[in-house]
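Please find below a few remarks for your consideration, set out as numbered points. They concern local backbone geometry, burial and strand pairing.

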Amino acid sequence: MRRLPLCAVLLSLANFATASLAAANADSPVAEAPAPSKQSSESHFPIGIGVKVSTLGIGGEVAVGLSQRSNVRFGFNAFSYGHTFDKDGATYKGTLDLRSAQATYDIFPVHWFHVSPGVLLYSGNKVNAKVSVPGGQTFTLSNTTYLSDAADPVSGTGKLTVYKAAPMLLFGFGNLVPRNGHFSATFEIGAAYQGPPRVALNLGGTACDSSGLFCRSIASDPTIQSNIAAEQTKLNKSASPYKFYPVVSFGFGYRF
């Protein structure tokens with residue numbers, strides 16, 4: 001009987017095993033790759049946008065969810081309002097300009113209630129006024145009465161400004177990035193520390209004594225300039241209690 005070499009037998013067994021495995025794989029169904037989970041397809045940082053009306057003005061904001069109970073928010077506010085009034089014989093034609101940008105960190109200790117420390121990154125809130133006293137009319141500066149000269153009536157400007165940045169703390173209800181659903185409504189109340197308002201008063205023209213006999217230029221008369229400075233100090237003292245600006249806000253939002 002003829003003997004086969006050992007190497008030939010081993011090669012035949014190897015070929016048979018390979019062919020068997022190939023046939024088995026061809027007959028068995030191919031396993032499908034698992035479908036990506038819905039959770040993995042969603043953004044890890046949900047985003048919401050909103051519009052609001054507040055005591056800081058009309059504005060918009062965007063929020064990013066950082067965790068299940070916290071967001072970071074950025075927003076802007078703007079509004080203008082004009083008003084004319086009389087004080088101590090002078091007419092003030094004023095304009096309130098509200099301009100600000102803010103950032104807050106929303107913490108949700110319970111479902112919808114949030115505490116939001118933050119900062120007004122920019123505060124351009126101010127009041128500008130044009131001051132005028134018609135010729136022949138009296139007005140008062142620091143308890144001293146003057147008469148506006150008919151040929152060169154008194155006029156000038158007034159301005160009220162606050163700090164350019166301000167820390168703030170808000171409390172409210174609603175979540176701009178709801179974890180369930182897409183639409184939201186928000187309400188907030190709090191305050192921003194804007195510092196004591198600062199008033200600047202500048203006047204020009206010619207002022208006379210109450211009899212109208214002794215007249216002098218406001219710009220060059222040291223007594224009148226001293227009375228203007230005293231009036232400015234009095235206005236600053238009256239405004240100093242308003243260091244905290246109240247913030248009340250209503251808004252609506254949508255989460256992507």
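**Notes on the predicted model**

1. In this predicted model, S100 has a relative accessibility of 5% and therefore counts as buried, since the cut-off for that class is under 20%. The residue belongs to strand 4, and, once neighbours within four places in sequence are left aside, the contacts of S100 are L56, G75, F76, N77, L120, Y122, S123 and N125.

2. Strand 4 (90-107) is also one boundary of the loop that holds D88, the other being strand 3 (70-87). D88 has a phi near 55°, which is a positive value in a residue other than glycine, and this deserves a look in context, because most residues other than glycine have a negative phi. With 34% relative accessibility, D88 counts as partly exposed.

3. A positive phi, of about 50°, is found at S142 as well, although S142 is not a glycine. This residue sits in the loop that lies between strand 7 (138-141) and strand 8 (144-148), and, as its relative accessibility is 24%, S142 counts as partly exposed.

4. Strand 12 (residues 198-204) shows an alternation of side chains, in which V199, L201 and L203 point to one face and are buried, whereas R198, A200, N202 and G204 point to the other face and are not buried. Strand 12 runs antiparallel to strand 9 (residues 154-161), to which it is joined by seven bridges, and in this pairing V199 of strand 12 has L160 standing opposite.

Terms used
Residues numbered from 1 in each chain as written. Predicted model: local features only at pLDDT ≥ 70, side-chain atom pairs only at ≥ 80, totals over all residues. Heavy atoms only, no water. Buried < 20%, exposed > 50% of the residue type's maximum accessible area, 1.4 Å probe, protein only. Helix = DSSP H or I, 4+ residues; strand = E, 2+ residues; numbered from the N terminus. Pairing = 2+ DSSP bridges. Contact = heavy atoms within 4.5 Å.
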